Amino acid sequence: MTAAAVAIWISQTIGFASALSGRQQGIAEILASADPSAGVPHTVEAAEGELKAHEGGVSRSLFAWSAGDEEAGGGPEQVSGVEGLARSFALDRKKPKRKAVNTTVVKKKRKHWPAHLQARLLLPEAKVAFCYMPKVASAQMSSMFGELNGIDEDYNDPWEASGPKALNISWANVTKANGWKFAFFTRDPLARYLSAFGSKCLPNSDGIVEGNGKDCLGKITWHFAPMEQLVQTFEERARNDTKKGRPANNSHWFSQSTCLRACGIDRFHPKAVDFIGNLDNDAHAEVTRMFDTLGVSAAYPQAKEVVEKYFPSEGAGHSSRSHNKQDTFYRNRTTVWLVSKLYQEDYERLHLKRPAVWNEAVETSRQERFHDDELLTPEDIASIAALEAERNANKEADNQRRSAAHGARAPGLVAALLPLMALAAARAAAC
């Protein structure tokens, strides 16, 4: 059916001025998506029958990926159902035509990082240099720095707006010797990997894969799909990346340690920076703490309001919605282990705490005595044993410190009580 025929049906049914209900939206989309070349007439009655079949439980619950905003992080979003979006019928859509993307990962040492990977943001009034990382609230951070620098909100590239070049500041002069302070934020690698997969390889609630899938560098789901299909695709992605020995060669998939190298490890080395924050918990509190520590709050009077705008104190935090689904996507302990090994450098060099899903996976493996050959190698088992030994040693050291402290306090306590005991004895004798 042509677009004109759909318009005639809408006008006859409810009139152009009326809003489409969820049911009418569904019928309209079925009619509009009919293939004229198929030679099969698609009537309103047939569209109503198809819609009724979906509403009656024939269709499965379909999901898209919500990218999130300043108040809520990304995560799966159900899009099907009678009251859902009409685009719940996007299963029939064909993937867009595009040039093939080379997914081959070639391991080579970079001599110079491209300018677009040198992800640096500056606040000149406070002399603060910040290294932002994709999937670590980079959009909010870039926009927030831009607003503090007085850059128009409509600027089409907030990631470049507060960079050294845009601010006419030579990066060679941005040094500690010249009074500059350096900072970056981290995020749990498991949550970040899932966020990259969701935003780059799955359709959003409008049925569109961000950037036409160019940043996925793997299998793309072009249409809304049941949760089980999304999870299986994610598990397949983790296995494929592990076979290659590293994540995809793209900044959204880079380890956070690699992002620091691109920014300039001479200035952003974890042991040399002035502030390291983490966005897994209270993002508002962390950003506020960074601004207070580095003097941004003092240099920019509007800093408090700007932080509230991009990281609301009453909001859910940067990654809350994706965190709510981590247990679903990381249901398989093998997936947890594979992804954590892809980003082992981040856990070790950035001293990141292992998330709950990782600890649960290790505990499950321990209970089953490591019978899953796909999950744990001898090196992995030795690593877990070393962690357990370290934990036990720390507990023993804590117990010894407590015992020593208690033993040291005992003689002093007795000495302090002796005069009181003598006085009590004297009084008792006088009686």
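These legends go with close-up views of a predicted model.

**View A. The disulfide between Cys-131 and Cys-263.** Here the two sulfur atoms sit 2.1 Å apart. The torsion about the S-S bond comes out at about 80 degrees, so this disulfide is right-handed. Cys-131 belongs to strand β4 (residues 128-131) and Cys-263 to helix α8 (residues 256-268), so the bond ties together parts that are 132 residues apart in sequence. If you go looking for either cysteine on the surface, you'll be out of luck: both Cys-131 and Cys-263 are buried.

**View B. The disulfide between Cys-201 and Cys-216.** The structure holds 2 disulfides, and this view shows the one that joins Cys-201 to Cys-216, with an S to S distance of 2.1 Å. The link is right-handed, with 105 degrees about the S-S bond. Cys-201 is in helix α6 (residues 189-201), while Cys-216 is in the loop between α6 and α7 (227-244), so the pair ties together parts that are 15 residues apart in sequence. Cys-201 counts as buried, at 0% relative accessibility. Cys-216 is also at 0% and counts as buried. Counting bonded cysteines along the chain, the disulfides follow the pattern 1-4, 2-3.

**View C. Cys-259 and the sulfur of Cys-131.** Why is there no bond between Cys-259 and Cys-131? The closest cysteine sulfur to that of Cys-259 is the one in Cys-131, but the gap is 6.6 Å, which is too far for a bond; a disulfide needs its sulfur atoms within 2.5 Å. Cys-259 has 6% relative accessibility, so this residue counts as buried.

**View D. Phe-291 in the largest nonpolar core.** This core has 81 residues, and those with the most contacts inside it are Met-144, Phe-291 and Val-296. Helix α6 gives the most to the core, with 6 residues. What does Phe-291 touch, leaving aside residues up to four places away in sequence? The neighbours are Leu-123, Met-144, Leu-148, Val-296, Ser-297, Ala-303 and Val-307.

**View E. The open sheet of 4 strands.** Reading across, the order is β3-β4-β5-β6, and the pairing is mixed. At the edges are β3 (120-123) and β6 (275-278), each of which pairs on one side only. From one strand to the next, the twist averages 25 degrees.

**View F. Strand β5 and its partners.** Strands β4 and β5 run parallel and are joined by 4 bridges. Along this seam, Val-128 stands opposite Lys-181 in β5. Strand β5 (residues 181-186) also runs parallel to β6, and here too there are 4 bridges. On that side, Ala-183 stands opposite Phe-275 in β6. Is β5 mostly covered or mostly open? Mostly covered: 5 of its 6 residues are buried.

**View G. Helices α8 and α9 against the sheet.** Let's look at the sheet again, with the order β3-β4-β5-β6, and the strand β5, joined to β6 by 4 bridges. Helix α8 packs on the sheet, where it touches β3, β4 and β5, and its direction makes about 170 degrees with that of β5. Helix α9 (residues 283-294) lies across β3, β4, β5 and β6, and runs at about 170 degrees to β6.

Key:
Residues are numbered from 1 along each chain as its sequence is written. This is a predicted model: local features need pLDDT of at least 70, side-chain atom pairs count only at pLDDT 80 or more; totals for chains, interfaces and linings use all residues. Side-chain values use heavy atoms; hydrogens and water are left out. Helices (H or I, at least four residues) and strands (E, at least two) are DSSP runs, numbered from the N terminus. Buried means under 20% relative accessible area, exposed over 50%, partly exposed in between (1.4 Å probe, protein chains only). A nonpolar core is a set of buried Ala, Val, Leu, Ile, Met, Phe, Trp, Tyr and Cys residues joined through side-chain atoms within 4.5 Å. Contact means heavy atoms within 4.5 Å. Two strands pair if DSSP finds at least two bridges between them. Axes are lines fitted to C-alpha atoms, for helices over the stretch in contact, and angles run from 0 to 180 degrees between N-to-C directions.
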